[in-house]
Amino acid sequence: MEQICVVTTVVDARSVADVLAAAAVAGRLAACAQVGGQVDSTYWWQSAIQTTAEWSIQFKTAPDRVDALVDQLRANHPYEVPEILVTRVESGNPDYAAWVHDHTRP
(Lines give C-alpha, C1' and ligand atoms only; values in the text may rest on other atoms or scores of the structure.)
Protein backbone atom coordinates (compact mmCIF):
# COMPACT_ATOMS: atom_id res chain seq x y z
CA MET A 1 0.00 0.00 0.00
CA GLU A 2 1.11 3.51 -0.79
CA GLN A 3 1.31 6.25 1.80
CA ILE A 4 -0.46 9.61 1.58
CA CYS A 5 -0.76 12.39 4.14
CA VAL A 6 -3.80 14.16 5.50
CA VAL A 7 -3.12 17.65 6.83
CA THR A 8 -5.91 19.12 8.94
CA THR A 9 -6.58 22.60 10.28
CA VAL A 10 -9.54 24.70 11.45
CA VAL A 11 -10.44 28.36 10.87
CA ASP A 12 -13.18 30.65 12.13
CA ALA A 13 -14.84 31.49 8.79
CA ARG A 14 -16.03 29.39 5.86
CA SER A 15 -14.65 31.96 3.41
CA VAL A 16 -11.16 31.61 4.93
CA ALA A 17 -11.40 27.81 4.71
CA ASP A 18 -12.34 28.08 1.04
CA VAL A 19 -9.37 30.39 0.31
CA LEU A 20 -6.86 28.11 2.08
CA ALA A 21 -8.27 25.06 0.29
CA ALA A 22 -8.16 26.68 -3.15
CA ALA A 23 -4.64 28.05 -2.65
CA ALA A 24 -3.24 24.66 -1.63
CA VAL A 25 -4.79 22.86 -4.60
CA ALA A 26 -3.88 25.61 -7.09
CA GLY A 27 -0.30 25.58 -5.80
CA ARG A 28 -0.09 21.79 -6.19
CA LEU A 29 0.58 21.42 -2.47
CA ALA A 30 -2.53 19.25 -2.10
CA ALA A 31 -4.33 17.07 -4.61
CA CYS A 32 -7.63 17.94 -2.96
CA ALA A 33 -8.99 19.78 0.04
CA GLN A 34 -12.26 19.14 1.81
CA VAL A 35 -13.95 21.83 3.86
CA GLY A 36 -16.08 20.27 6.58
CA GLY A 37 -19.18 21.69 8.16
CA GLN A 38 -19.19 23.93 11.15
CA VAL A 39 -17.95 22.48 14.45
CA ASP A 40 -17.88 24.06 17.88
CA SER A 41 -14.43 24.02 19.48
CA THR A 42 -13.79 24.58 23.18
CA TYR A 43 -10.20 25.33 24.21
CA TRP A 44 -7.93 27.34 26.49
CA TRP A 45 -6.78 30.68 25.06
CA GLN A 46 -5.35 33.69 26.88
CA SER A 47 -5.98 32.18 30.32
CA ALA A 48 -9.69 31.50 29.69
CA ILE A 49 -11.88 28.81 28.22
CA GLN A 50 -13.16 29.87 24.78
CA THR A 51 -15.81 28.33 22.55
CA THR A 52 -15.76 29.17 18.86
CA ALA A 53 -17.54 28.00 15.72
CA GLU A 54 -14.93 26.73 13.26
CA TRP A 55 -14.67 25.02 9.87
CA SER A 56 -12.27 22.14 9.38
CA ILE A 57 -10.16 21.60 6.29
CA GLN A 58 -8.55 18.31 5.30
CA PHE A 59 -5.84 18.42 2.67
CA LYS A 60 -4.75 15.22 0.89
CA THR A 61 -1.12 15.37 -0.17
CA ALA A 62 1.98 13.35 -0.91
CA PRO A 63 4.52 12.84 1.89
CA ASP A 64 7.17 14.88 0.09
CA ARG A 65 4.81 17.90 -0.16
CA VAL A 66 3.83 18.06 3.53
CA ASP A 67 6.51 20.55 4.61
CA ALA A 68 5.67 23.00 1.83
CA LEU A 69 1.94 22.72 2.57
CA VAL A 70 2.48 23.28 6.30
CA ASP A 71 4.69 26.30 5.53
CA GLN A 72 1.97 27.79 3.33
CA LEU A 73 -0.71 27.19 5.95
CA ARG A 74 1.36 28.76 8.71
CA ALA A 75 2.10 31.81 6.53
CA ASN A 76 -1.56 32.35 5.56
CA HIS A 77 -3.50 31.10 8.56
CA PRO A 78 -5.41 33.79 10.47
CA TYR A 79 -4.72 32.27 13.91
CA GLU A 80 -1.76 33.27 16.03
CA VAL A 81 -1.19 29.60 16.95
CA PRO A 82 -2.94 27.49 14.28
CA GLU A 83 -3.72 23.83 14.74
CA ILE A 84 -2.01 21.99 11.89
CA LEU A 85 -2.09 18.22 12.24
CA VAL A 86 -0.32 15.80 9.89
CA THR A 87 -1.45 12.20 9.66
CA ARG A 88 0.38 9.68 7.51
CA VAL A 89 -1.96 6.97 6.26
CA GLU A 90 -1.82 3.96 4.00
CA SER A 91 -4.09 4.29 1.00
CA GLY A 92 -6.21 1.21 0.41
CA ASN A 93 -6.39 2.18 -3.26
CA PRO A 94 -3.06 2.45 -5.08
CA ASP A 95 -4.75 4.34 -7.91
CA TYR A 96 -5.84 7.05 -5.44
CA ALA A 97 -2.36 7.27 -3.95
CA ALA A 98 -0.93 7.66 -7.45
CA TRP A 99 -3.51 10.36 -8.23
CA VAL A 100 -2.53 12.26 -5.07
CA HIS A 101 1.14 11.99 -6.00
CA ASP A 102 0.59 13.04 -9.62
CA HIS A 103 -1.51 16.07 -8.69
CA THR A 104 0.96 17.42 -6.16
CA ARG A 105 3.77 17.87 -8.65
CA PRO A 106 4.70 21.50 -9.38
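**A buried core and three residues to look at**

Let me begin with Ile57, which, leaving aside its neighbours within four places in sequence, is in contact (heavy atoms within 4.5 Å) with Val7, Thr8, Thr9, Val11, Ala17, Leu20, Ala21, Ala33, Gln34 and Val35. Before going on, I should say that this is a predicted model, in which local features need pLDDT of at least 70 and side-chain atom pairs count only at pLDDT 80 or more, while totals for chains, interfaces and linings use all residues. Residues are numbered from 1 along each chain as its sequence is written, and side-chain values use heavy atoms, with hydrogens and water left out.

Where does Ile57 belong in the larger picture? Ile57 is among the residues with the most contacts inside the largest nonpolar core, together with Leu20, Phe59, Leu69 and Leu73, and that core has 13 residues. A nonpolar core here is a set of buried Ala, Val, Leu, Ile, Met, Phe, Trp, Tyr and Cys residues joined through side-chain atoms within 4.5 Å. Strand 1 (2-11), helix 1 (14-26), strand 3 and helix 2 (66-76) each supply at least two residues of this core, and the largest share, 4 residues, comes from helix 1. Helices (H or I, at least four residues) and strands (E, at least two) are DSSP runs, numbered from the N terminus. As background, nonpolar side chains in soluble globular proteins tend to be buried together.

Let me now turn to helix 2, whose buried residues are Val66, Leu69, Val70 and Leu73. These four sit on the same side of helix 2, because they cover an arc of only 100° around the axis, the arc being taken from the directions between the helix axis and the C-beta atoms. On the face of helix 2 that is turned away from its buried side we find the exposed residues Asp67, Asp71 and Ala75. Buried means under 20% relative accessible area, exposed over 50%, and partly exposed in between (1.4 Å probe, protein chains only). As for what covers the buried residues of helix 2, the list includes strand 1, helix 1, strand 3 and strand 4 (84-91).

Next come two residues with a particular backbone angle, and here it helps to recall that most residues other than glycine have a negative phi. Arg28, although it is not a glycine, has a positive phi of about 60°, and this residue lies in the loop between helix 1 and strand 2. With a relative accessible area of 33%, Arg28 is partly exposed. Ser47, which is likewise a residue other than glycine, has a positive phi near 65° and lies in the loop between strand 2 and strand 3; at 72% relative accessibility, Ser47 counts as exposed.

Which residues does Arg28 touch, once its neighbours within four places in sequence are left aside? Arg28 is in contact with Arg65, Asp102, His103, Thr104, Arg105 and Pro106. The C-alpha atoms of Arg28 and Val100 are separated by 9.9 Å, although the two residues are 72 residues apart along the chain.

To finish, consider Ala98, which is found in helix 3 (residues 94-102) and which, at 36% relative accessibility, counts as partly exposed. Ala98 and Ile84 are 14 residues apart in sequence, yet from C-alpha to C-alpha they are 24 Å apart in space.
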